[in-house]
Amino acid sequence: MKLVPLGDRVVLKQLVAEETTKSGIVLPGQAKEKPQQAEVIAVGPGGVVDGKEITMQVKVGDQVIFSKYSGTEVKIEEEEFIVVKQNDILAIVE
């Protein structure tokens, strides 16, 4: 199965959170906060959204930082993805 985002939507796959802190403390599963950094898996076509012309500024393979409480979590074939609007992406990590 393949996710194909519509409009200005972007499909992200979150990067794995580290299980130990820099000082060597091991974090239990529930104490870990999900990272806000992800890889772009698929990008919508852009176009006219709410009467405004939207051009997509991210591409597949980009590492991005996104808003903490944005998007919709989706689980497909045992993999978890997040579908967000492009304006929920804060920065591209280079």
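A salt bridge is a side-chain nitrogen of Lys or Arg within 4 Å of a carboxyl oxygen of Asp or Glu. Keep that in mind as you look through these close-ups of a predicted model.

**Figure 1. Arg-9 and Asp-8 are joined by a salt bridge.** Here the closest N and O atoms of Arg-9 and Asp-8 are 3.5 Å apart, and the pair counts as a salt bridge because the cut-off is 4 Å. How accessible are the two partners, Arg-9 and Asp-8? Arg-9 has 34% relative accessibility, so this residue counts as partly exposed. Asp-8, at 7% relative accessibility, counts as buried. In this model, the count of salt bridges comes to three, and the other close-ups of charged pairs follow below.

**Figure 2. Six strands make up an open sheet.** Follow the strands across the sheet and you will meet them in the order 6-7-1-2-5-8, with antiparallel pairing. Which strands form the edges? They are strand 6, residues 72-76, and strand 8, residues 89-93, and each of these pairs on one side only. From one strand to the next, the twist averages 40 degrees.

**Figure 3. A hairpin is formed by strand 6 and strand 7.** Two residues lie between these strands. Look at Glu-77 in the turn: its phi is positive, at about 50 degrees. Strand 7 covers residues 79-85, and five bridges pair it with strand 6 in the antiparallel sense. Two bridge partners are worth finding here. Ile-76 has Glu-79 of strand 7 as its bridge partner, while Glu-73 is partnered with Ile-82 of strand 7.

**Figure 4. Strand 1 and strand 7 run antiparallel.** Strand 1 spans residues 9-14, and four bridges join it to strand 7. What is the bridge partner of Val-11 in strand 7? It is Val-83.

**Figure 5. A salt bridge connects Lys-13 and Glu-79.** The closest N and O atoms of this pair are 3.1 Å apart. Lys-13 sits in strand 1 and Glu-79 in strand 7, so to speak a meeting of distant parts of the chain, 66 residues apart. Lys-13 counts as partly exposed because its relative accessibility is 28%. Glu-79 also counts as partly exposed, with a relative accessibility of 37%. You have already met Glu-79 in the hairpin view, as the bridge partner of Ile-76.

**Figure 6. Asp-62 and Lys-59 meet through their side chains.** Where is Asp-62 found? This residue is in the loop between strand 4 (52-54) and strand 5 (63-66). The salt bridge from Lys-59 to Asp-62 has an N to O distance of 3.1 Å. There is a further approach to spot: a polar atom of the Asp-62 side chain lies 3.0 Å from the backbone nitrogen of Lys-59. Are the two residues buried or exposed? Asp-62 is buried, because its relative accessible area is 11% and buried means under 20%. Lys-59 is exposed, because its relative accessible area is 54% and exposed means over 50%.

**Figure 7. Ile-65, Leu-90 and Val-93 form a nonpolar patch on the surface.** Together, these three residues have about 230 Å² of accessible area. Val-93 belongs to strand 8, one of the edge strands of the sheet. With a relative accessibility of 34%, Val-93 counts as partly exposed.

Methods. Residues numbered from 1 in each chain as written. Predicted model: local features only at pLDDT ≥ 70, side-chain atom pairs only at ≥ 80, totals over all residues. Heavy atoms only, no water. Pairing = 2+ DSSP bridges. Axes fitted to C-alpha atoms, helices over the stretch in contact; angles between N-to-C directions. Patch = residues over 30% accessible without salt bridge, like charges linked within 9 Å, V, L, I, M, F, W, Y side chains within 5 Å. Areas by Shrake-Rupley, 256 points an atom, 1.4 Å probe, with all protein chains shown as cover. Buried < 20%, exposed > 50% of the residue type's maximum accessible area, 1.4 Å probe, protein only. Polar contact = N/O pair within 3.5 Å; in protein donor to acceptor, adjacent residues only side chain to side chain.
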